[in-house]
Structure formats: C-alpha cells, structure tokens
Amino acid sequence: MLDSFLLAFTALFSIVNPVAMALIFSQVTAGRTASERAQLARLVAAYSAAVMLTALWAGAYVLNFFGISLAALRIAGGFVVAERAWVLLTAPEAHEARKQEQATQEQPTPAGSVEESAFFPLTVPFTTGPGTISVAIALGATRPADPAALGRFFVGMSAAAVAIALLIWLSYRSADRLVALLGQTRARIVTRLFAFLLFCVGVQILLTGALDAVAPLLERARNP
C-alpha cells in the first residue's frame with residue numbers, strides 16, 4: 001500500500017505540480033474577490049480528485065474493454081509519462097506558459113460564474129489536463145495480478161490522488177503567500193526535481209510493459 005502511494009504521489013505531484021500552478025492561479029484569478037478565490041480553490045480541488053480517481057479506477061478497464069492489452073497499455077503509458085516528464089524536466093516554464101494561456105483565454109468573464117469556471121478551464125485543462133489523466137491511467141495499469149494485493153494497491157493509489165487534491169486546495173488557497181515565498185525560480189527548481197522522478201516512473205512502467213509482452217514469447221521459445 002505504501003509503495004503504491006509513493007509511486008502515485010510522486011508521479012501525480014510531478015505532472016500536476018500544485019505549487020507551480022498556484023503561481024499561475026494567482027494571476028488568472030486576480031480579478032476575483034478573496035471569497036470567490038477560496039471557493040474556486042475548494043471546487044477545483046474536489047473536481048481534480050474526481051478526475052484523478054476516475055482515471056485511476058476506470059481508465060485501464062475502459063481501454064481493456066476496447067481490446068487493448070495490459071502490456072500495450074503499460075508500454076504506451078510509460079512513453080506518455082516519460083515524454084511529459086522530459087518536457088517538464090527540460091522546459092517547465094513552457095509547460096506553465098501553455099497552461100496559463102489556456103486558462104486565460106478560456107476563463108469566463110462574468111463575476112458570478114465561479115461554479116462554471118471551476119471545472120472548465122480551471123480544473124480541466126488548467127490543473128488536471130490530458131497529461132494528468134494519461135499519467136493516472138498509466139498508474140492504474142500497474143495494478144497487480146494478485147487479487148489479494150489489488151485492494152491495497154487501489155487504496156494506496158486513491159490516497160495519493162486525495163493527497164494531491166488536498167495539496168491543490170492548500171496551494172491555490174494560499175496562492176498569494178506562495179508567490180511571495182517561492183517565486184517562479186524556486187517553483188521551477190521543485191518542478192525539475194519531481195520531473196526527474198516522474199521520468200524514472202515512466203521508464204519503469206515502460207519496462208514493466210515490455211517485460212509483460214516479451215515474457216510469453218520467451219516462454220514459447222523455451223517450450224515449443
């Protein structure tokens with residue numbers, strides 16, 4: 001359970017990066033009142049938890065329903081995770097700029113549209129976009145074959161998603177203080193550190209999928 005929690009927490013924190021995104025959240029919601037921003041932080045955290053948990057629990061099963069094997073899902077998911085991590089590792093500022101542009105262009109202007117803007121665009125794609133969903137699905141694909149370990153696996157993964165959602169709420173609610181405390185430079189240092197861990201997670205998922213795909217072929221070669 002602890003291994004599952006640490007694996008998911010590291011990967012999801014790296015791709016969501018609530019600390020760095022809080023700096024952008026502060027800019028995007030600068031025209032709103034303090035109570036509206038607090039409400040937005042709470043709603044975005046709740047919606048983000050729902051998005052991550054849905055992808056973790058159902059993503060792999062939906063793809064399997066369409067005939068995509070677990071090995072193929074792990075290989076593809078590993079590629080996606082590693083590619084996202086490489087982008088974050090080499091140019092986190094470009095990743096932040098893209099998210100800020102999406103949120104700024106799609107942010108509704110009416111002051112009374114807090115509930116509407118909380119899910120789109122502030123949750124999707126600003127906080128938990130396609131990258132986060134892909135990572136969550138790839139993590140869900142690492143589920144163990146042993147039914148006895150499956151429950152502990154999903155408890156650990158789910159706890160990690162809830163922990164990330166709590167960090168999103170705390171970071172967004174304290175966005176102004178984080179801006180003053182960290183600034184862009186320190187936030188990017190944190191991003192790069194976790195991006196390297198995410199890259200390692202992606203490579204591990206890819207290797208697991210490759211071994212799953214090759215193992216039956218080796219077995220047949222040994223026992224023709």
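The legends below accompany close-up views of a predicted model.

**View 1. Overall fold of the predicted model, built from helices without strands.**
The protein contains eleven helices and zero strands, and from the N terminus on its elements run α-α-α-α-α-α-α-α-α-α-α. Of its 224 residues, 45% are buried. Among contacts with a separation of 6 or more, 87% are between residues that lie 24 or more positions apart.

**View 2. Packing of helix α3 (residues 34-65) against helix α9 (residues 147-173).**
The axes of the two helices come within 8 Å and cross at roughly 160 degrees, which makes α3 roughly antiparallel to α9. The crossing of α3 and α9 is right-handed. On the α3 side the contact is formed by A38, A41, R42, V44, A45, S48, A49, M52, L53, L56, W57 and Y61, and these meet L150, F154, M157, S158, A161, I164, A165, I168, W169, Y172 and R173 in α9. By residue class, the contact of α3 with α9 divides into 19 nonpolar, two polar and two charged residues.

**View 3. Packing of helix α1 (residues 2-16) against α9.**
Helices α1 and α9 pack with their axes 8 Å apart and at an angle of about 35 degrees, and their crossing is right-handed. From α1 the contact takes in S4, F5, L7, A8, F9, L12, F13 and V16, while α9 supplies F153, G156, M157, A159, A160, A161, A163, I164, L167 and I168. The residues of the contact of α1 with α9 comprise 16 nonpolar and two polar, with no charged residue. M157, A161, I164 and I168 of α9 take part in this contact, and these four residues are also listed in the contact of α9 with α3.

**View 4. The largest nonpolar core, with L12, L139 and Y172.**
This core holds 54 residues, of which L12, L139 and Y172 touch the most other members; its largest share, eleven residues, comes from α3. In soluble globular proteins, nonpolar side chains tend to be buried together. Leaving aside neighbours within four places in sequence, L12 is in contact with N17, M52, T132, V135, A136, L139, A161 and I164, so that a close-up centred on L12 also shows M52, which belongs to α3, and A161 and I164, which belong to α9.**View 5. Helix α8 (residues 130-140) and its residue T132.**
Eight of the eleven residues of α8 are buried, so this helix is largely enclosed by the rest of the structure. The buried residues of α8 are G131, T132, V135, A136, I137, A138, L139 and G140. With a relative accessibility of 2%, T132 counts as buried, and, when neighbours within four places in sequence are left aside, T132 is in contact with L12, I15, V16, M52 and T127.

**View 6. The loop residue N17, which has a positive phi.**
Residue N17 lies in the loop between α1 and α2 (18-28). Although N17 is not a glycine, its phi is positive, at about 50 degrees. At 4% relative accessibility, N17 counts as buried.

**View 7. The cis peptide bond between F120 and P121.**
The peptide bond that joins F120 and P121 is cis, with omega about 15 degrees. P121 is placed in the loop between α6 (114-119) and α7 (122-127).

**View 8. T10 of helix α1 and the residues it touches.**
T10, which lies in helix α1, is buried, with a relative accessible area of 18%. Not counting residues up to four places away in sequence, T10 touches F194 and L197.

**View 9. Two positions of helix α11 (residues 183-222), A210 and V203.**
A210 is partly exposed, with a relative accessible area of 30%, and V203 is likewise partly exposed, with a relative accessible area of 32%. A210 and A72 are 138 residues apart in sequence, yet their C-alpha atoms are 8.2 Å apart in space. For V203 and G77, which are 126 residues apart along the chain, the C-alpha atoms are separated by 9.7 Å.

Note on methods. Residues numbered from 1 in each chain as written. Predicted model: local features only at pLDDT ≥ 70, side-chain atom pairs only at ≥ 80, totals over all residues. Heavy atoms only, no water. Axes fitted to C-alpha atoms, helices over the stretch in contact; angles between N-to-C directions. Parallel < 35°, antiparallel > 145°, perpendicular 65-115°, else oblique. Left-handed = near helix turned anticlockwise from the far one by under 90°. Contact = heavy atoms within 4.5 Å. Nonpolar A, V, L, I, M, F, W, Y, C, P; charged D, E, K, R; others polar. Core = buried A, V, L, I, M, F, W, Y, C linked by side-chain atoms within 4.5 Å. Buried < 20%, exposed > 50% of the residue type's maximum accessible area, 1.4 Å probe, protein only.
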